[in-house]
Structures are given as structure tokens and as C-alpha cells.
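Open the model in your viewer and keep the sequence panel beside it. This tour goes from the whole chain to a few charged side chains.

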Amino acid sequence: MKVLRVWNGMRSFKVHSMEYQKTAELNGLCNGKIVTEYLCRNGFSELTVDTKKVAVQHKNETSRKEAEDESRLPALEAAYTTILRGLGENTDRQGLLKTPLRAAKAMQFLTKGYHETIYDVLNDAIFDEDHEELVIVKDIDMFSLCEHHLVPFFGKVHIGYLPSKKVVGLSKLARIVEIYSRRLQVQERLTKQIAMAISEALQPVGVAVVIEAAHMCMVMRGVQKMNSRTVTSAMLGVFREDPKAREEFLALTKSA
């Protein structure tokens, strides 16, 4: 039998146990709270587990992705220069001198979702909560790029989920929309990806997502229909199986 002492702020807890080495096990001893540092005494040895390691790894990963973007910037800039010249433009005139670089940076921003996952934004924002009624966040602004013509489509996203003892910070739903919309997309896939991501993270009873968007590929070119809107939905769990649950979500998200 060994004694483990875990420090959490000013308090310490003494636990009789065999041996604890995993961070997850120690988290359980501290009521699920994030502990800055664990100091485990085992005879003459000491084991320090720094929980800031995850944050440091995330920061390093972000820095690596930023460095990758920076390294790819010259190739993108050259590509935009080629496009402008292909259009018959003079890339040496004053108004276009920095346009290829600006366009390259803009494209990297508009597709930054390729570098992000739901776990990057959720962090510790999933909470145990005895709530079993419908949660809806509606009218989330969405901007994306059509992968067929590289022109924008934009609109509103409505998200609903039926919790299973876990809820998520409401702003995180908008962040999930941002992750998947900041990629080259088609609206049908975007709708499903948002729903699947929420389902994977929360394991709820059901998830419903509806997107209504205007596509510039239909407005600025092609059929040029100014007032057309595309509506897509993804229903998972109870929202697919139970018509009443689906009707409740659709009624609550309907524009007034």
C-alpha cells in the first residue's frame, strides 16, 4: 500500500492506493478539476506531472502551422501573379504591386480551418449538467468558399442538440461552424460535418443542423439568380428517428 499526496492550490488530499501515474487517474482524485501540478511521493522518489504540457504542445503545434503557412506564402503569391498576368493585367502597376501577396494571405485566412480540429476549440468547455431538454443556437453567421468556383457562399447556421448529461459552452458551437466553414466546401458536406463533430464531442441524444445560404456562383455568374437560397439539413439521433423532435427544432428555428 502506498500513499499519494495530490496538491490542488492550498489543499492536499492523501489517498491510499497502489500506484497512480496517469494524468487521467489523478484528475479523478481532484474532482475533475484542472490541477496545475501533481507532486507524487513514492518512497524516496518524486514524480512531477505538469499538466501545462498539453497547452505547451498546442502552442507548439500552432507555431508549426503558422510556420508552414509562412513557407507556402511565396508559392501562393507567385500563383496569383500568374493568374493576374493570365487575365491580361500588368502586375507592375501601382494598384497591383502587392495584390498577389494580399490575395495569398487572404486565401490562407479563408481556409485556416484545415489547421484546426474541434478539440482545439472545445478545451475544457464541456460540462456535466443534468439538462435533458433541447438546446438551440440559431442565426450563426457563416462564410465559406465554394470548392467548385472558389467564390463565397454565406448565410446562417441553426444548431440544436438534445443533451445526454453533458452541455457545451454556447460560443463553442459557433467556433465549430468556423472550423468547417473556413475550408473549400460544398454546403451539403459542411452541414453534415458540423453535425457529426458535435455528435462526436458531446455524445448527445440527437443533433440537428440547418444551413440557409446564398451562393455567389449562382448570383455573380451562371444563372445569376439574385434571390436564390439553398437550405440543407443534417439530422442525427432522435431528430432523425422522431418526427416530433424534428418538428420542434424546425419550428423554433423558423425565421419570424
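**The whole chain**

Start with everything selected. What you see is a predicted model. Colour by secondary structure: the protein has nine helices and eleven strands. Now show the surface. The accessible surface comes to about 16,100 Å². Carbon and sulfur atoms account for 54% of that surface. How many of the 256 residues count as buried? The share is 36%.

Turn on contacts next. Take those between residues at least 6 apart in sequence: 62% of them join residues at least 24 apart.

**Salt bridges**

How many salt bridges does a search of the whole structure find? The search finds nine. Three stops follow.

**Stop one: K112 and E116**

Select K112 and E116 and show their side chains. They meet in a salt bridge, with N to O at 3.9 Å. That counts because the cut-off is 4 Å. Are the two partners buried or exposed? K112 is partly exposed, at 22% relative accessible area. E116 is partly exposed too, at 21%. Both count as partly exposed because buried means under 20%.

**Stop two: E178 and R182**

Move on to E178 and R182. Their side chains also form a salt bridge, at 2.9 Å from N to O. Check each partner against the surface. E178 has a relative accessible area of 24% and is partly exposed. R182 has 10% and is buried. So this bridge pairs a partly exposed residue with a buried one.

**Stop three: K165 and E132**

Now select K165 and E132. The closest N and O atoms of this salt bridge are 3.0 Å apart. Where do the two residues sit along the chain? K165 lies in the loop between β7 (152-162) and β8 (166-168). E132 lies in the loop between β5 (126-128) and β6 (135-146). The two residues are 33 apart, and the pair links distant parts of the chain.

Show the surface again here. K165 is partly exposed, with 41% relative accessibility. E132 is partly exposed as well, with 47%. Neither counts as exposed, because that label needs over 50%.

Keep this pair on screen and add D130. Which residues do shared salt-bridge partners join into one network? They are D130, E132 and K165.

**Before you leave**

Show the three pairs together: K112 with E116, E178 with R182, and K165 with E132. Then colour them by accessibility. R182 is buried, while its partner E178 is partly exposed.

Technical notes
Residues are numbered from 1 along each chain as its sequence is written. This is a predicted model: local features need pLDDT of at least 70, side-chain atom pairs count only at pLDDT 80 or more; totals for chains, interfaces and linings use all residues. Side-chain values use heavy atoms; hydrogens and water are left out. Buried means under 20% relative accessible area, exposed over 50%, partly exposed in between (1.4 Å probe, protein chains only). Helices (H or I, at least four residues) and strands (E, at least two) are DSSP runs, numbered from the N terminus. Contact means heavy atoms within 4.5 Å. Accessible areas come from the Shrake-Rupley method with a 1.4 Å probe; for residues, only the protein chains shown count as cover.
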